[in-house]
Amino acid sequence: MANLTKFSEGDGKGKGIAEIYAAAAQKIGPDDVKKIADYTDLPVIVKGIESPEDALYAIGAGASGVYVSNHGGRQLNGGPASFDVLEDVAKAVNGRVPIIFDSGVRRGSDAFKALASGADLVAMGRPVIYGLALGGAQGVQSVFEHLGDELKITMQLAGTKTIADVKKTHLLNIQY
Ligand SMILES: Cc1cc2nc3c(=O)[nH]c(=O)nc-3n(C[C@H](O)[C@H](O)[C@H](O)COP(=O)(O)O)c2cc1C
């Protein structure tokens with residue numbers, strides 16, 4: 001934190017969530033990503049990417065990875081589902097940087113579909129929190145074990161031995 005204090009304003013004490021949001025940048029662009037990438041030797045991953053254009057902006061600004069994801073609680077509910085944009089983002093990124101995906105992953109088959117649609121790494125948010133609330137550390141472990149078992153079953157049923165095989169799987173997009 002000591003390195004970051006020069007960028008902070010005020011002491012942040014006694015602020016409610018609305019005040020914190022109001023004080024935060026409302027529009028974060030490539031210049032901000034570049035500033036952070038120049039500032040740190042750590043890999044900078046841009047989260048909340050929902051379009052091929054934004055993925056390309058992020059890479060152009062120095063991002064080491066793009067994170068296709070919803071943005072949490074303060075964005076429009078009417079935005080596209082992250083899964084629906086994943087394939088187009090992956091085509092645009094074209095292997096230049098790793099793609100992380102989350103939003104709505106609940107089963108091993110969801111992780112399988114995300115990998116087959118271009119994700120290199122699949123993450124989860126709420127299931128882990130639910131596991132924590134219900135069973136503490138053991139609950140979290142059980143969520144990951146369950147998802148891993150489901151992913152293995154899906155891989156067996158699809159005839160895919162490795163994650164590399166899964167990533168080569170072609171998903172059908174049938175509109176009923
Ligand atoms: C309580 C809560 C707060 C979150 N806050 C943020 C946030 O501030 N910024 C952000 O990018 N994502 C935020 N997220 C989204 C998560 O980082 C993650 O992308 C999402 O939970 C994954 O989807 P899933 O919960 O369906 O697995 C939040 C999620 C939850 C449940």
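This is a friendly dialogue about reading a predicted model of one protein chain.

Reader: Where do I start? How many helices and strands does the protein chain have?

Author: A good first step is to list the elements. The protein chain has seven helices and four strands. Read from the N terminus, their order is α-α-β-α-β-α-β-α-β-α-α.

Reader: What box do the C-alpha atoms fill?

Author: Taken along the principal axes, that box is roughly 55 × 40 × 35 Å. The chain has 176 residues, and 32% of them are buried.

Reader: And which part of the contacts joins residues 24 or more positions apart?

Author: Here we look at contacts with a separation of 6 or more, and residues 24 or more positions apart account for 50% of them.

Reader: Now helices. How do I read the way α5 and α6 cross?

Author: Look at the distance between the axes, then at the angle. For helix α5 (residues 108-116) and helix α6 (residues 126-157), the axes come within 7 Å and cross at roughly 60°. That angle makes α5 oblique to α6. The crossing of this pair is right-handed.

Reader: Which residues of α5 and α6 meet there?

Author: From α5 come Gly108, Ser109, Ala111 and Phe112, and they meet Leu147, Glu150, Leu151, Thr154 and Met155 of α6. Sorted by class, the residues of this contact are five nonpolar, three polar and one charged.

Reader: Which residues of α5 are buried?

Author: They are Gly108, Ala111, Phe112, Ala114, Leu115 and Ala116. The next step is to ask what covers them. The cover includes α4, β3, β4 (121-122), α6 and α7 (163-167).

Reader: May I try another pair? At what angle do the axes of α3 and α4 cross?

Author: Please do! The axes of helix α3 (residues 52-60) and α4 cross at roughly 40° and come within 8 Å. The crossing of α3 and α4 is right-handed. On the α3 side, Pro52, Ala55, Leu56 and Ile59 meet Asp88, Val89, Ala92 and Val93 of α4. By class, that contact has seven nonpolar residues, no polar ones and one charged.

Reader: Let's turn to single residues. Where is Ser69, and is Ser69 buried or exposed?

Author: Place the residue among the elements, then check its accessible area. Ser69 sits in the loop between β2 (65-68) and α4 (82-93). With a relative accessible area of 0%, Ser69 is buried.

Reader: What does the side chain of Ser69 make a polar contact with?

Author: The partner is the side chain of Asp102, at 2.8 Å. Leaving aside neighbours within four places in sequence, Ser69 is in contact with Lys47, Gly48, Ile49, Glu50, Ser82, Asp102 and Ser103.

Reader: Ser103 is on that list. What is the phi of Ser103?

Author: Backbone angles are another thing to read. Ser103 is not a glycine, yet its phi is positive, at about 110°. Ser103 is found in the loop between β3 and α5. Asn94, in the loop between α4 and β3 (99-101), also is a residue other than glycine with a positive phi, near 55°. Compare a glycine: Gly118 follows α5 and has a positive phi near 120°.

Reader: Is Asn94 buried or exposed?

Author: Asn94 is exposed, because its relative accessible area is 61% and the cut-off for exposed is over 50%.

Reader: Val97 is in the loop between α4 and β3. Is Val97 buried or exposed?

Author: Val97 is buried, with a relative accessible area of 10%. Not counting residues up to four places away in sequence, Val97 touches Ile59, Ala63, Ser64, Gly65, Val66 and Asp120.

Reader: How do I read a distance in sequence beside a distance in space?

Author: Put both values side by side. Val97 and Ala25 are 72 residues apart along the chain, and their C-alpha atoms are separated by 26 Å. Gln138 and Thr162 are 24 residues apart in sequence and 27 Å apart in space, C-alpha to C-alpha.

Reader: Where does Gln138 lie, and is Gln138 buried or exposed?

Author: Gln138 lies in helix α6. At 63% relative accessibility, Gln138 counts as exposed.

Key:
Residues numbered from 1 in each chain as written. Predicted model: local features only at pLDDT ≥ 70, side-chain atom pairs only at ≥ 80, totals over all residues. Heavy atoms only, no water. Axes fitted to C-alpha atoms, helices over the stretch in contact; angles between N-to-C directions. Helix = DSSP H or I, 4+ residues; strand = E, 2+ residues; numbered from the N terminus. Parallel < 35°, antiparallel > 145°, perpendicular 65-115°, else oblique. Left-handed = near helix turned anticlockwise from the far one by under 90°. Contact = heavy atoms within 4.5 Å. Nonpolar A, V, L, I, M, F, W, Y, C, P; charged D, E, K, R; others polar. Buried < 20%, exposed > 50% of the residue type's maximum accessible area, 1.4 Å probe, protein only. Polar contact = N/O pair within 3.5 Å; in protein donor to acceptor, adjacent residues only side chain to side chain.
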